[in-house]
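Reader: I am in my first year and would like to learn how to read a protein model carefully. Could you take me through this one, step by step?

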Amino acid sequence: MNAPVSLIMSSFAKPSRSKTKGHRPLIQRLKDQHPEMPSVDRAKEYDESFQLLSQAIMEIFRKNAKSLSYEVLYRTTYNLTSDRHGEKLYYGVKNVVADYLDNIAEEAIVPAFVSSSDGADAGANFLKTVKRVWDDYTTAMIMIQNFLLYLDTKLQKYNLPRIFDMGLDLFRDKVIRSEKYAIQSQLISAMLTQIQLERLGEVIDRTAIKSAVTMLSELQDITTTESVYAVDFERRYLETSTSFYQVESQTLASSCDAPEFMRKVEQRLEEEYERTTRCLNLSTEPKIRNIVETQLIANNLKTVMGMKNSGLNCMLDVDKYGDLSRMYKLFSRVPEGLSEMRTAISKYIMQLGAEINKTINADIAANKAAKPSADKGGGGGAGGTQTAIRWVEQVLAIQEKFDRILERAANKDKSFQMSFNEAFEHLINENTKSAEFISLFIDENLKKGLKGKSEDEIDQVLDKTITLFRFLCDKDVFERYYKQHLAKRLLFNRSVSDDAEHGMLEKLKRECGYQFTNKLEGMFNDMKLSSEMGSQFKEYLDNGIKRPPIDISVTVLTSTFWPMNLSTSPKCAFPQDALHACRTFEQFYFGRHSGRRLTWQPQMGNADIRAQFRSSKHMLNVSTYAMIVLLLFNDTDVLSLEEIQARTQIPDQDLKRTLQSLACSKFKILLKETKGRDINTGDKFIFNETFSASLSRIKIQTVANRVESEGERKQTQEKVDEERKHQIEAAIVRIMKDRKIMEHNLLIAEVSKQLSARFMPSPLMIKKRVEALIDREYLERSTEDRRSYRYLA
């Protein structure tokens with residue numbers, strides 16, 4: 001580009017004034033000398049002045065501005081404009097510039113046209129030619145505007161564009177959009193071709209494209225008021241880009257796996273951003289980005305996620321955090337991207353859960369088939385417990401897996417977290433035994449699984465179980481199971497840490513409130529009071545009361561806190577020594593508490609027995625039922641099942657489990673004549689005099705089916721349903737007492753909302769409770785609207 005050439009200024013001579021003779025009056029002298037004033041040829045004067053200016057313009061275009069006088073040109077412009085020739089001068093200049101542009105287009109630009117046979121560099125050379133013409137032209141127009149400055153300032157009153165703007169319009173119409181020559185199509189095609197070559201991996205001269213973009217951006221379309229860049233180039237550019245990326249989308253989808261596909265999409269996005277910021281107008285960036293995102297991402301969401309051996313499920317299987325993070329970032333660019341990804345991951349979580357539940361159910365069925373004594377004799381406990389623990393551990397593993405995915409790949413997105421939680425809620429509640437399994441898992445950990453662990457590790461285990469508890473819909477079912485398991489831990493002294501027990505209780509209280517843990521806290525309080533009462537009972541015996549033949553330690557339980565039903569408490573025939581000890585405690589207790597009733601619960605107790613065998617002595621820790629059975633063998637060596645049943649009156653199922661623990665476990669205190677673990681009618685049992693063991697103290701646990709059978713689960717559910725009836729009725733009464741009158745659907749919604757923290761009642765269940773309250777005259781139907789209820793005070 002040539003440097004602008006400054007105009008040379010030269011001075012003008014003042015016109016000489018004419019001399020006169022004598023001293024006649026001036027008017028007379030003028031009259032004598034010029035009897036008639038000559039007329040001035042205005043047209044000729046304009047033509048001569050314009051000829052001077054037009055020649056100057058052409059010299060500037062020829063880059064010969066050094067020979068011109070700026071002062072003369074400016075004065076000429078001033079005179080013509082002052083003589084009211086401004087508008088005429090403007091159009092005259094416009095015609096001169098237009099003629100020049102016609103010539104330069106024909107002489108400089110047309111010969112540089114690109115043909116189909118030309119190489120890749122021809123397009124770049126054409127763009128450089130246009131750039132050179134543009135640069136020379138704009139430089140010249142600045143110089144022309146300078147000496148036409150006085151005219152330029154007066155154009156507003158003629159409602160005409162300024163000189164430089166007029167020059168830009170002429171360049172647009174005479175060159176870029178020339179009616180004579182196909183410059184426009186050549187220019188746009190050359191620009192698009194260069195961009196296409198770069199997309200295909202070739203190196204191009206970006207400055208040529210940038211200069212063409214700058215030129216088109218400075219030119220304005222007369223009809224739309226947008227830039228020529230936007231009207232002529234950008235629209236074509238976006239159309240061709242759409243076509244290119246449609247083909248690119250199909251190519252990548254058919255030739256790449258999911259990770260490679262996403263890497264190439266990222267690369268394309270980076271390339272387009274970098275190309276736009278360096279070569280094109282910044283206003284194009286969001287438009288081209290939208291095209292790439294639509295064609296490569298939005299149109300391939302399900303295709304990429306479903307790619308065989310590399311799609312979303314494969315990434316989730318092997319925890320490809322990098323690829324998952326890339327997918328999250330790319331999918332976040334399009335409207336439905338993250339929604340589709342969330343849905344797919346939620347479906348994956350539920351599929352994992354369905355597989356786990358299916359496996360667990362198959363294991364439970366296999367255990368039942370392999371151990372029919374679980375039903376006949378009450379055995380098979382360890383397998384059921386391990387099944388429950390395995391289910392909880394697998395669910396926790398899935399949760400930890402997706403917690404890491406949420407943190408490392410999904411940027412801790414709240415919508416993803418909510419979606420994951422919904423999937424986990426479905427996974428957990430799909431298993432009808434989930435409440436029992438979670439309670440068993442906590443029981444196992446609080447019993448023996450936490451030994452040797454620090455307080456922080458204990459807290460982590462409890463926190464994990466609480467997260468699963470949080471997803472349970474039927475929290476009242478969990479409460480019933482947890483109460484049963486907690487009772488056994490407390491009564492049999494199986495808790496390894498009181499702090500851990502209280503810590504778990506606090507966590508449950510934070511989740512569900514005081515009402516949820518009220519009874520559980522009552523159980524702990526009973527244990528504390530019973531410990532104090534044990535000391536008082538010992539003092540009572542030390543004060544001269546006749547001691548019973550056996551030592552007894554009693555735990556007094558509040559029936560409303562503990563999982564027991566006094567009306568169905570098992571009965572059994574205590575040995576006389578044990579019965580004497582019980583009567584002694586009753587005498588002590590009733591002496592301090594009047595109006596109370598004690599009901600003995602032998603199924604919840606245990607005993608220490610000194611056993612004499614042929615070659616050894618051992619201290620046996622057994623259940624109360626086992627103690628009653630073993631004491632029978634002090635009088636005889638052989639007893640049948642029916643004889644033991646008649647003499648002890650222990651319930652049938654409990655007796656069979658007790659005999660299994662004594663005759664079919666690791667420590668065989670009794671011998672069963674028939675082989676096998678099943679306890680059947682007619683079986684006879686013999687005291688094992690030859691028993692020996694290396695341990696002096698032996699603990700014999702009653703064989704128990706820790707996971708409830710279908711019959712037991714049905715009974716538990718019936719008890720839960722009975723409790724729910726009272727809770728639903730209480731909620732209805734609370735609401736109606738406050739509202740006085742309420743429409744049916746609104747009442748159901750409000751009751752469901754209030755009880756959702758414990759369980760989700762069905763509308764049918766609520767309706768039945770409403771009918772029951774109407775029958776008991778707590779409510780009545782409104783006479784005005786039969787679908788509304790009125791509270792009766």
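Author: Let us start with a single residue, where Glu-743, at 22% relative accessibility, counts as partly exposed; buried means under 20% relative accessible area, exposed over 50%, and partly exposed in between, with a 1.4 Å probe and protein chains only. This is a predicted model, in which local features need pLDDT of at least 70 and side-chain atom pairs count only at pLDDT 80 or more, while totals for chains, interfaces and linings use all residues. Residues are numbered from 1 along each chain as its sequence is written, and side-chain values use heavy atoms, with hydrogens and water left out.

Reader: Which residue meets the side chain of Glu-743 in a salt bridge?

Author: A salt bridge is a side-chain nitrogen of Lys or Arg within 4 Å of a carboxyl oxygen of Asp or Glu. Glu-743 lies in strand β7 and its partner in the loop between β8 and β9, so the pair ties together parts that are 44 residues apart in sequence; helices (H or I, at least four residues) and strands (E, at least two) are DSSP runs, numbered from the N terminus. The partner is partly exposed, with a relative accessible area of 42%. At 3.6 Å, N to O, the residue that meets Glu-743 is Arg-787.

Reader: Is Arg-275, which forms a salt bridge with Glu-198, buried or exposed?

Author: The side chains of Glu-198 and Arg-275 meet at 2.8 Å, N to O. Glu-198 lies in helix α7 and Arg-275 in helix α10, so this pair ties together parts that are 77 residues apart in sequence. Glu-198 is buried at a relative accessible area of 16%, and Arg-275, at 2% relative accessibility, likewise counts as buried.

Reader: How many salt bridges does a search of the whole structure find?

Author: Some of them are joined into a network, whose members include Glu-198, Arg-206 and Arg-275. Another salt bridge is formed by Arg-390 and Asp-363, with the closest N and O atoms 2.3 Å apart. For the whole structure, the search finds 52.

Reader: In the open sheet with antiparallel pairing, which strands stand at the edges?

Author: Two strands pair if DSSP finds at least two bridges between them, and here 3 strands follow the order β3-β5-β4. β3 and β5 are joined by 3 bridges, and Val-638 has Ile-686 in β5 as its bridge partner. Each edge strand has a single partner, so one side of each is left without a neighbour in the sheet, and these strands are β3 and β4.

Reader: In the open sheet with mixed pairing, which residue in β6 stands opposite Leu-620?

Author: This sheet has 3 strands in the order β1-β2-β6. Strand β2 and β6 pair in the parallel sense over 3 bridges. Opposite Leu-620, the residue in β6 is Ile-698.

Reader: What radius of gyration does the protein have?

Author: The radius of gyration is taken over C-alpha atoms, and the globule rule is 2.2 Å times the number of residues to the power 0.38. Along its principal axes, the C-alpha trace spans about 175 × 70 × 50 Å. A compact globule of 793 residues would have a radius of gyration near 28 Å, but the protein has 50 Å.
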